[in-house]
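This report covers the fold in outline and then one helix with its salt bridges. The sequence and structure come first.

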Amino acid sequence: MMATHSATQPPFSIPDIDLSLLDRIVDKCFEKMRDDYRVNRFFNGNPPTEQTKPLKALVRKVLSGAKVSEHLDVLDDFFTAAFARSNAKPSLVTGNDFAFLLDVIGGQDIQVITPLCMCHSFLLKLGPDDDHYDILLEHLSAAMDELKIGKAMSEQLLDIAASGREGALGRLPPSS
């Protein structure tokens, strides 16, 4: 397994959240993500229930106050279920394969990408960026609005989701 980052964020905890409500939030948000042409290319063709089961386990673990190092297996399970592809073609060339040339010709600095866990690379190879993460937050907010989640709980869950941006996009510094 790949090395992970030191947890720079304090663990989160929402002990009084109804787990069935949490599952409905995850299902609704995931449905919106899969239906959105701007981000649905990231997901593989596995059935949604197969993809959301490890996501629900991950969200529960995060909200229980567990540190990142305590849920690496759950992270691997989720990234594998949602983003791994069995039909990957290793010879497929993408624009990211030549990103180093921008640095050579004086363009942008090369961004060091640091996966949270081994299977996080399945997502990172697809090149998610801040716009994609904003779409996730948009759909999470809309899902909670549809389910009539209280304002305080919604804000708390959105804050927790927003705090994962750097890690999800592979921008945390590697641990030493």
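In this predicted model, 36% of the 176 residues of the protein chain count as buried. The chain exposes about 10,400 Å², and carbon and sulfur atoms supply 57% of that area. It contains 8 helices and 0 strands. Of the contacts between residues at least 6 apart in sequence, 79% join residues at least 24 apart.

**Helix α6**

Helix α6 covers residues 130-146. Its 17 residues should span 24 Å at 1.5 Å a residue, and the end C-alpha atoms are 24 Å apart, which agrees. At the N-terminal end, Asp129 acts as a cap, with a side-chain oxygen 3.0 Å from the backbone nitrogen of Asp131. Just after the helix, Lys148 takes a positive phi of about 55°.

The buried residues of α6 are His132, Tyr133, Ile135, Leu137, His139, Leu140, Ala143 and Met144. They pack against α1 (19-35), α7 (151-162) and α8 (165-168).

Met144 has 0% relative accessibility and therefore counts as buried. Apart from neighbours within four places in sequence, Met144 is in contact with Ile25, Ile149, Ser154, Leu157 and Leu158. The C-alpha atoms of Met144 and Arg24 are 9.2 Å apart, although the two residues are 120 apart in sequence.

**Salt bridges of α6**

The structure holds 11 salt bridges. Three that involve α6 are listed below.

| Pair | N to O distance | Accessibility of the Arg | Accessibility of the acid |
|---|---|---|---|
| Arg38 and Glu138 | 3.1 Å | Arg38, 30% | Glu138, 43% |
| Arg171 and Asp130 | 2.8 Å | Arg171, 28% | Asp130, 29% |
| Arg165 and Asp134 | 2.6 Å | Arg165, 16% | Asp134, 37% |

The side chains of Arg38 and Glu138 meet in a salt bridge. Arg38 lies in the loop between α1 and α2 (48-63) and Glu138 in α6, so this pair ties together parts that are 100 residues apart in sequence.

Arg171 and Asp130 also meet through their side chains. Arg171 belongs to the segment after α8 and Asp130 to α6, so the parts tied together are 41 residues apart in sequence.

Arg165 forms a salt bridge with Asp134. Since Arg165 lies in α8 and Asp134 in α6, the pair ties together parts that are 31 residues apart in sequence. Arg165 counts as buried, whereas Asp134 is partly exposed.

Asp130, Asp134, Arg165, Glu166 and Arg171 are linked in a network of salt bridges.

Definitions and conventions:
Residues are numbered from 1 along each chain as its sequence is written. This is a predicted model: local features need pLDDT of at least 70, side-chain atom pairs count only at pLDDT 80 or more; totals for chains, interfaces and linings use all residues. Side-chain values use heavy atoms; hydrogens and water are left out. Helices (H or I, at least four residues) and strands (E, at least two) are DSSP runs, numbered from the N terminus. Buried means under 20% relative accessible area, exposed over 50%, partly exposed in between (1.4 Å probe, protein chains only). Contact means heavy atoms within 4.5 Å. Accessible areas come from the Shrake-Rupley method with a 1.4 Å probe; for residues, only the protein chains shown count as cover. The expected span of a helix is 1.5 Å times one less than its number of residues. A polar contact is a pair of N or O atoms within 3.5 Å; within protein, one must be able to donate a hydrogen and the other to accept it, and residues adjacent in sequence count only if both atoms are side-chain atoms. A salt bridge is a side-chain nitrogen of Lys or Arg within 4 Å of a carboxyl oxygen of Asp or Glu.
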